[in-house]
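Please open the model in the viewer and keep the selection panel at hand. The tour below proceeds from one selection to the next.

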Amino acid sequence: MTHSVELTDIRKTFPGVVANDDVSLSVNKGEVHVILGENGAGKSTLMNILYGLYQPDGGTIRIDGEEKEFESPQDAINEGIGMIHQHFKLVGPMTITENIILGSEPKKSLGMSVDMETARREVKELSERYGFDINPEDAVEDVSVGVRQRVEILRALYRGADILILDEPTAVLTPDEIESLFVVFDELIEQGKTIIFITHKLDEVMSVADDISVLRDGKRITTIPAEEATNNRLAELMVGDEVLLELDRDPHPKGEELLRVDDLQIEGDDATLVDDVTLSVREGEVLGIAGVDGNGQTVLSDAIAGLIELDDGSVTFDGEDATEWGRNRLNDAGLSYIPPDRQEQGLVMNFDHGENVILGEQHTFPIGRRMRDDELAEEIVAEYDVKTSGVETSVKSLSGGNQQKLLVGRELERDPKLVIASNPTRGLDVGSIEFIHEQLLSARRNDRGVLLISSKLDELQQLSDRIAVIYEGEIIDTVDPETVTERELGLLMAGQELVTEETDSVSNENTLQAKRIEDENK
């Protein structure tokens, strides 16, 4: 098998951090090579070196057997390497065609103007060759995230890429878009391309990989064929210890009611976003909220946490009417909130670690605050294994997963009476997910309440005492996680009643939709 890429003894250091510690690996031509590791393991740094964004402190790069030195991404592009980053680098108001040809525009009139007719034809031919369902004349800002990702891939292909690096490509995609992306992988491999796929998600690895390289603490631990891998083996290689992929949620007596929401209603500009929702959470209980993204979960959690006003209904917290309290008073009363968007709602990117870990409580420590900030940040960094070069640095220097761990640590270390956790493990690796799951169960054992909103059905079923299903802003049913199946949850999330002996069977279309939701969450 011919090697497209050979990296030998690649070393890269940043102040206080060895990101890549003499890493060597080979990528076979015409295959999908997955680079797997926890957040901060050195995956992205290694690929940024291959793409010319960083220069290594030592080691060699060979492309198709020839040694290369990349001083910039353009050098890598010239050698047939393209990289699709987690955060896309597209110009929203421009069309798909304009974005794809940007920097490589075909010319006419002696090179004085762009030949848009040729450009549109070439982009159309390229998209059809790889089976991409896009309209080249659409503005990028008007298309879905999945389509934008295809635009990034097409741009790399337009520039002649034979080796495609995708850095955490599924982090911002819906389950349907992830499935479509993997179909794209098949098309690319059939056309002779080589794919390097960076991820920390075990379920994705088994779906697409030919070979899997595991990185931990900046070192390559091993490379194994996908057919020899199992989730448990990969998890242990990533973390360096046994990982419990299945949690034991022991029975626990429920105490007094901590949270009660009655007839909560939130109106949007054109529609009702949350419609007469009633729910409760007791001491020592995890109430899960299941639903397809966009069915009112985020609005519901923001409203209960005091971030947006209710149009109707009431919120009772710890026996008091908290409908008008607002976020600060709820926080002081013992309601912690892990929001779904860490960068927009949870953290201030330009603040350092210490400033971020006291957000919401800064008014409580007017004297000696700086020292307390840093001490608390150091405690959370150690307890939650946040990989950082120092608590005095801004959180924008952290990887997304490490930002999430800092945020979760802040909210759980406040010893709250109730935690609202909205997708608390989104973007985390398997070891961090296990740790945070255990922290939520520990809160339950200590008679705290947890309102868990998650798009992961396995997470909901493992952690919840009850699961409420939300559809188009309404709670349509509450089920027992011990007895409900993923198929039944999928039906409810699609707005369908469960099939019982007393009801007719659902249509084939609805059954297929439920099966799709089940498959997406495996």
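Begin by selecting residues 3-14, which form strand S1, and add strand S2; the two run antiparallel and are joined by eight bridges. The model under inspection is a predicted one. Within this pair, select Leu7 and look across to S2, where Leu25 is its bridge partner.

Next, extend the selection to the whole open sheet, whose four strands are arranged in the order S2-S1-S4-S5 with antiparallel pairing. Strand S2 (17-28) and strand S5 (66-68) stand at the edges; each has a single partner strand, so one side of each lacks a neighbour in the sheet. Viewed from one strand to the next, the twist averages 25 degrees.

Now add residues 43-50, helix H1, which packs on the sheet. Helix H1 touches S1, S2 and strand S4 (58-63), and its direction makes about 115 degrees with that of S1.

Move on to Glu227, in the loop that lies between strand S12 (219-225) and helix H8 (231-239). Is Glu227 buried or exposed? Its relative accessibility is 68%, so Glu227 counts as exposed, the cut-off for that class being over 50%. A distance label between the C-alpha atoms of Glu227 and Ile212 should read 9.9 Å; these residues are 15 apart along the chain.

Finally, select Asn331 in helix H10 (residues 327-333). With 8% relative accessibility, Asn331 counts as buried, since buried means under 20%. Which residues are in contact with Asn331, leaving aside its neighbours within four places in sequence? Display Gly360, Glu361 and Arg414 to see these contacts of Asn331.

Conventions:
Residues numbered from 1 in each chain as written. Predicted model: local features only at pLDDT ≥ 70, side-chain atom pairs only at ≥ 80, totals over all residues. Heavy atoms only, no water. Pairing = 2+ DSSP bridges. Axes fitted to C-alpha atoms, helices over the stretch in contact; angles between N-to-C directions. Contact = heavy atoms within 4.5 Å. Buried < 20%, exposed > 50% of the residue type's maximum accessible area, 1.4 Å probe, protein only.
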